[in-house]
Amino acid sequence: MTAEAVFVLQHSQPLLDVARTVKRRNHGRSKKGRGHVKFIRCDNCSQACPKDKAIKRFQISKMVEVAAERDMAEASVYETYVIPRLYIKRHYCVGCAIHMKFVRVRSRTARRDRAPPPRRFNKVSA
């Protein structure tokens, strides 16, 4: 090695000083200071995904379909009986959440908007 090459190697800037572009301010996660987060399995495709990165949806459904509920009400001794509902928390990986249209791909300027989308309520008859 020549003396010039040694001088260049010793006095070159390290690569860590270069500012890298960042797509999202939270890097697509909600970890914030935790070193490691447990992985969960996507409820659709079973892909391993960090729990803080997974898209979480709360699913409320009836235990019995409407037609069977009517038959049970007619055959029941009780006049009013409320059939309990199922409350399930679903975890989806990003790919499945986009495919099932729970979340959408947004433009670079729209990604800065942190306001929650307008809420829509599905009426579940009691």
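This passage walks through the fold, the largest pocket and a nonpolar surface patch of the protein. The model is a predicted one.

Starting with the overall layout, the 126 residues of the protein include 11% that count as buried. Three helices and four strands make up the secondary structure. Going along the sequence, these elements run in the order α-β-β-β-α-β-α.

Next comes the largest pocket, which holds about 2600 Å³ of space. Its lining takes in 44 residues, and those closest to the pocket centre are Ile 55, Arg 57, Phe 102, Val 103 and Pro 117. As for secondary structure, β3 (55-62), β4 (85-92) and α3 (94-99) are the elements that each give two or more residues to this lining. Strand β3 supplies the largest share, with six residues. Sorted by chemistry, the lining of the largest pocket splits into 21 charged, 17 nonpolar and six polar residues.

Then there is the surface. Phe 58, Ile 60 and Tyr 87 together make a nonpolar patch of about 350 Å². Of this trio, Ile 60 can be placed in strand β3, the strand that also gives the largest share of the pocket lining. Is Ile 60 buried or exposed? Neither label quite fits: Ile 60 counts as partly exposed because its relative accessibility is 43%, and the partly exposed class lies between the buried cut-off of under 20% and the exposed one of over 50%.

Key: Residues numbered from 1 in each chain as written. Predicted model: local features only at pLDDT ≥ 70, side-chain atom pairs only at ≥ 80, totals over all residues. Heavy atoms only, no water. 1 Å grid on protein atoms, 1.4 Å probe; cavity = no way out; pocket = protein on both sides within 12 Å on 5 of 7 lines; lining within 4 Å. Points joined across faces, edges and corners; volume = space filled by probe spheres on them. Nonpolar A, V, L, I, M, F, W, Y, C, P; charged D, E, K, R; others polar. Patch = residues over 30% accessible without salt bridge, like charges linked within 9 Å, V, L, I, M, F, W, Y side chains within 5 Å. Areas by Shrake-Rupley, 256 points an atom, 1.4 Å probe, with all protein chains shown as cover. Salt bridge = Lys/Arg side-chain N within 4 Å of Asp/Glu carboxyl O. Buried < 20%, exposed > 50% of the residue type's maximum accessible area, 1.4 Å probe, protein only.
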